[in-house]
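Have your viewer open and side chains switched on? Let's take a short walk through the charged pairs.

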Amino acid sequence: QVQLVESGGGLVQAGGSLRLSCAASGSIFSINAMGWYRQAPGKQRELVARITSVGSTNYADSVKGRFSISRDNAKNTVFLEMNSLKPEDTAVYYCNAGALDVNYRYLEVWGQGTLVTVSS
């Protein structure tokens with residue numbers, strides 16, 4: 001099995017910053033793309049940012065210029081640096097990864113989610 005564990009959520013004032021981390025562990029052969037999604041109350045889960053194994057990135061239009069995704073392949077960890085936070089960024093943020101386990105099975109894995117609350 002492969003697990004993702006997120007950390008770094010919390011309460012911040014508008015204009016502030018937070019850094020989310022997500023570490024993959026378990027029976028990992030390799031990690032492909034990793035990403036962050038979010039789900040606000042009453043809304044569908046949406047992609048925030050995604051990064052491939054070679055570092056190519058893409059972002060939701062709503063976070064471009066404010067959020068930055070990066071990864072440490074040696075530690076199977078992905079980060080989301082969030083700056084200039086707005087109240088509309090309030091959501092549960094979920095880490096996602098595509099992984100090959102040691103039996104070469106492809107798995108899509110989700111973390112448990114971490115709450116980010118931005119106060120106005």
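A salt bridge here is a side-chain nitrogen of Lys or Arg within 4 Å of a carboxyl oxygen of Asp or Glu. Keep in mind that you are looking at a predicted model. By that rule, the count is six salt bridges.

**Stop one: R19 and E81.** Select these two residues and show their side chains. R19 and E81 form a salt bridge, with the closest N and O atoms 3.5 Å apart. Now colour by strand: R19 belongs to strand β3 (residues 18-26), while E81 sits in strand β8 (residues 77-82). The two residues are 62 residues apart, so this pair links distant parts of the chain. Turn on the surface next. R19 is partly exposed at 45% relative accessibility, and E81 is partly exposed at 29%.

**Stop two: R105 and D101.** Is D101 buried or exposed? D101 has 2% relative accessibility, and because buried means under 20%, it counts as buried. Its partner R105 is partly exposed, with a relative accessible area of 48%. The side chains of R105 and D101 meet in a salt bridge at 2.8 Å, N to O.

**Stop three: K64 and D61.** Select this pair and look for the closest N and O atoms, which lie 3.1 Å apart in a salt bridge. D61 is exposed, at 65% relative accessibility.

**Last stop: a network.** Which residues should you select together? Pick R38, E46, R66 and D89, which are linked in a network of salt bridges.

How values were computed. Residues are numbered from 1 along each chain as its sequence is written. This is a predicted model: local features need pLDDT of at least 70, side-chain atom pairs count only at pLDDT 80 or more; totals for chains, interfaces and linings use all residues. Side-chain values use heavy atoms; hydrogens and water are left out. Helices (H or I, at least four residues) and strands (E, at least two) are DSSP runs, numbered from the N terminus. Buried means under 20% relative accessible area, exposed over 50%, partly exposed in between (1.4 Å probe, protein chains only).
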